[in-house]
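This report walks through a protein model and its ligand site. It takes up a serine, then the ligand shell, then some backbone geometry.

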Amino acid sequence: MSKSVTVRVPGKVNVYLGVGPREFSGYHELATIFQSVNVYDEITVSQASELKISVSGRYTEGVPTDSRNLAWQAAELVARACGEDSNIHIEIDKSIPIAAGMAGGSADAAATLVACDAFWNAGIPREQLDAMAGQLGSDVPFMLHGGCALGVGRGDVLSPVMTRGVFHWVFATFDDGLSTAQIYAKIDDMRGLDFELDPAVPTELLGALTRGDAPALGRLLHNDLQAAAIAAKSKLGDALEAGLELGALGSLISGSGPTCAFLARDESSAIDLVVALKATGLVDHVFHAHGPVHGARVISTSR
Ligand code: ATP
């Protein structure tokens with residue numbers, strides 16, 4: 001058997017997403033709380049005659065297999081940093097929904113950084129991996145670390161957030177994704193040119209996470225992009241409402257959507273909510289996941 005390295009990486013939900021005004025650079029200042037959840041992509045890297053990507057698993061449609069794939073870009077970065085040629089096969093086994101606001105592409109990029117570092121025995125220091133992750137995209141640094149973190153700047157300047165216990169989530173996904181760029185453009189339009197509030201995470205929300213207080217966290221879930229996502233897809237508003245009526249402690253759009261995230265009181269409430277949400281017919285797929293969990297980790301190596 002030839003050498004290969006497999007890395008597992010979780011998806012994320014933004015428990016809070018505050019978005020500032022559009023800056024001259026086109027970016028927005030963010031204040032966000034990320035939480036990684038146990039829905040995983042797996043990336044396996046092995047030797048090949050040229051750099052290539054294949055995608056399998058629950059979600060494959062719309063994932064590029066060329067240099068547009070963030071995993072490809074991650075492999076090239078590591079190859080350059082450690083003087084290797086990038087002739088590897090990157091196999092992506094996808095369970096994180098695509099274009100869903102759960103940062104699947106960023107997760108694959110983070111996993112590829114870790115996999116290539118291990119594959120080439122590069123020993124890249126953590127700070128350098130963080131910097132490479134930041135170069136690949138704003139969500140990539142968090143996907144390396146996982147857990148629960150405050151992200152400011154473009155979401156890439158991270159500080160760990162203390163949490164107690166396990167939070168149980170239900171995610172409702174839709175077959176048609178939403179474009180992150182279009183959702184940001186829409187929120188700018190809706191706010192107008194004179195919007196200038198700086199984003200900040202409420203201290204009560206940090207307290208709810210530290211205490212493991214799901215009911216308090218449920219009341220404080222917030223996403224500044226939610227109005228834009230609902231304006232783009234009105235059924236998201238109906239789904240968020242339905243989840244609350246069916247007993248969720250809180251609901252919000254994850255990231256730029258369209259995934260709807262519902263916080264449940266405990267595991268059995270989450271399982272009940274999955275069944276009840278499916279029965280409404282308002283959403284395409286529903287699953288239960290919990291967080292926080294570790295970020296990108298090597299799970300197997302063969303030589
Ligand atoms: P975010 O929450 O970071 O905005 P997202 O979860 O909404 O991201 P992704 O699943 O990362 O969205 O996919 C967004 C787009 O990125 C896809 O439509 C696809 O064209 C592109 N893409 C690049 N690399 C990948 C990858 N490895 N997996 C999925 N999509 C990728």
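## A buried serine

Ser-251 is buried, because its relative accessible area is 15% and the cut-off for buried is under 20%. The model is a predicted one. Ser-251 belongs to strand β9, which covers residues 250-253. Its side chain has a partner: the side chain of Ser-251 reaches the backbone oxygen of Leu-240 at 3.3 Å.

## The ligand site

Where does the ligand sit? The ligand occupies the largest pocket. Its shell counts 22 residues. The closest are Ala-99, Ala-103, Gly-105, Asp-108 and Asp-139. By class, the shell splits into 9 nonpolar, 8 polar and 5 charged residues. Helix α2, residues 104-119, gives the most to this shell, with 4 residues.

Oxygen atoms of the ligand pair with N or O atoms of the protein. The table lists these pairs.

| Residue | Protein atom | Ligand atom | Distance |
|---|---|---|---|
| Ala-99 | backbone N or O | oxygen | 2.8 Å |
| Ala-103 | backbone N or O | oxygen | 2.8 Å |
| Thr-180 | side-chain N or O | oxygen | 2.9 Å |

How much of the ligand does the protein bury? Taken alone, the ligand exposes 620 Å². The protein buries 79% of that.

## Two alanines with positive phi

Ala-99 and Ala-103 deserve a second look, this time for their backbone. Most residues other than glycine have a negative phi. Ala-99 has a positive phi of about 50 degrees. Ala-103 also has a positive phi, near 60 degrees.

Ala-99 is found in the loop between β4 (88-94) and α2. Ala-103 is placed in the loop between β4 and α2 as well.

Is each alanine buried or partly exposed? Ala-99 is partly exposed, because its relative accessible area is 43% and that class lies between 20% and 50%. Ala-103 is buried, because its relative accessible area is 11%, under the 20% cut-off. These areas count protein chains only as cover.

## Cis peptide bonds

Most peptide bonds are trans. Which bonds here are cis? The bond from Gly-257 to Pro-258 is cis, with omega near 5 degrees. Pro-258 is found in the loop between β9 and β10 (260-264). Strand β9 is also the strand that holds Ser-251.

Another cis peptide bond joins Gly-291 and Pro-292, with omega about 0 degrees. Pro-292 lies in the loop between β11 (285-291) and β12 (297-302).

Note on methods. Residues numbered from 1 in each chain as written. Predicted model: local features only at pLDDT ≥ 70, side-chain atom pairs only at ≥ 80, totals over all residues. Heavy atoms only, no water. Near = heavy atom within 4 Å. Polar contact = N/O pair within 3.5 Å; in protein donor to acceptor, adjacent residues only side chain to side chain. Areas by Shrake-Rupley, 256 points an atom, 1.4 Å probe, with all protein chains shown as cover. 1 Å grid on protein atoms, 1.4 Å probe; cavity = no way out; pocket = protein on both sides within 12 Å on 5 of 7 lines; lining within 4 Å. Sits in = over half its atoms within 2 Å of the grid points. Helix = DSSP H or I, 4+ residues; strand = E, 2+ residues; numbered from the N terminus. Nonpolar A, V, L, I, M, F, W, Y, C, P; charged D, E, K, R; others polar. Buried < 20%, exposed > 50% of the residue type's maximum accessible area, 1.4 Å probe, protein only.
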